[in-house]
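Student: I would like to learn how to read salt bridges, sheets and helices from a model. Can we go through one together?

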Amino acid sequence: MPKIIIHTNLKDEDIPAGFEHKVAEKVSEVVNYSTECIYVSITRGDRMSHNGSSAPMAFIDMMTCARFNEKNNPGYSRQFLKFFCKELRLPLSRVLIQYHDAQIHDFGCIRQPPEYKVPEAFHDSTTYKP
């Protein structure tokens, strides 16, 4: 379940319409997860500084299970940096990405039918009501 949080000092009107959906599609393509499992959040208008400048920039936090590591990250960076620079119209020096490897137990979520099968463990749960 990839989680992508994009922090930027861009204004809302400078972020393309539907950008969060484009991000989910790109993440799906690059790390091979279905878009239904991908969470994207964009915080815009942040007060940010990088390399002594408050010029427009983006800092992207990416977390998922069993994908990010020393071997894979350079290839992911090439694809993601190109995507974010193009979509947000930012120079390469103004986009930063931090990858976080997570374990499946780090996430808690329930997916509802009919799109998802309810895990057997939740069938008798007092906290889950389909």
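Tutor: Side chains of opposite charge can pair when their charged atoms come close. In this predicted model, Lys26 and Glu29 are three residues apart in helix α1, so about one helical turn separates them. Their side chains meet in a salt bridge, with N and O 3.2 Å apart.

Student: Is Lys26 buried or exposed? And is Glu29 buried or exposed?

Tutor: Lys26 has a relative accessible area of 17% and is buried. Glu29 is exposed, at 55%.

Student: How many salt bridges are there by this rule?

Tutor: The count is three. Another of them joins Asp12 and Arg44, whose closest N and O atoms are 2.8 Å apart. This pair links distant parts of the chain, 32 residues apart: Asp12 sits in the loop between β1 (3-8) and α1 (19-31), and Arg44 in the loop between β2 (39-43) and β3 (58-65).

Student: What is the relative accessible area of Asp12, and what is that of Arg44?

Tutor: Asp12 is partly exposed, with a value of 46%. Arg44 is partly exposed as well, at 44%.

Student: Which residue does Lys22 meet in a salt bridge?

Tutor: The partner of Lys22 is Glu87, with 3.5 Å from N to O. Lys22 belongs to helix α1 and Glu87 to helix α2 (residues 73-88), so the bridge ties together parts that are 65 residues apart in sequence. At 33% relative accessibility Lys22 counts as partly exposed, whereas Glu87, at 16%, counts as buried.

Student: Next, the sheet. In what order do the strands lie?

Tutor: To read a sheet, write down the strand order, then look at the edges and the pairings. Here four strands form an open sheet in the order β2-β1-β3-β4, and the pairing is mixed. The edges are β2 and β4 (95-102); each has a single partner strand, so one side of each is left without a neighbour in the sheet. From one strand to the next, the twist averages 15 degrees.

Student: How many bridges join β1 to β3?

Tutor: There are six, and the two strands run antiparallel. To follow the register, pick a residue and find its partner: His7 has Phe59 in β3 as its bridge partner.

Student: Which strands does α1 touch?

Tutor: Helix α1 packs on the sheet and touches β1, β2 and β3, and its direction makes about 135 degrees with that of β2. Helix α2 also packs on the sheet; α2 touches β1, β3 and β4, and its direction makes about 135 degrees with that of β4.

Student: Which residues of α1 are buried, and what covers them?

Tutor: For a helix that packs on a sheet, list the buried positions, then ask what lies over them. The buried residues of α1 are Phe19, Val23, Ala24, Lys26, Val27, Ser28, Val30 and Val31. Their cover includes β1, β2, β3 and α2. Lys26, the salt-bridge partner of Glu29, is thus listed among the buried residues of α1.

Student: What span should the 13 residues of α1 have?

Tutor: At 1.5 Å a residue, α1 should span 18 Å, and its end C-alpha atoms are 18 Å apart, which agrees.

Student: What happens to phi just after α1?

Tutor: Look for a change of sign. Just after α1, Asn32 takes a positive phi of about 60 degrees, and Asn32 is a residue other than glycine. Asn32 is found in the loop between α1 and β2 and is exposed, with a relative accessible area of 62%.

Student: Where does Asn51 lie, and what is its phi?

Tutor: Asn51 lies in the loop between β2 and β3. Its phi is near 55 degrees, again a positive value in a residue other than glycine. At 73% relative accessibility, Asn51 counts as exposed.

Student: What is the mean pLDDT of the protein, and where does pLDDT stay under 50?

Tutor: Read the overall value before the local one. The mean pLDDT is 87, and 84% of the residues reach 70 or more. Over residues 124-130 pLDDT stays under 50, and for this stretch the model has seven contacts beyond four places in sequence.

Definitions and conventions. Residues numbered from 1 in each chain as written. Predicted model: local features only at pLDDT ≥ 70, side-chain atom pairs only at ≥ 80, totals over all residues. Heavy atoms only, no water. Salt bridge = Lys/Arg side-chain N within 4 Å of Asp/Glu carboxyl O. Buried < 20%, exposed > 50% of the residue type's maximum accessible area, 1.4 Å probe, protein only. Pairing = 2+ DSSP bridges. Axes fitted to C-alpha atoms, helices over the stretch in contact; angles between N-to-C directions. Contact = heavy atoms within 4.5 Å. pLDDT = per-residue confidence, 0-100. Expected span 1.5 Å × (residues − 1).
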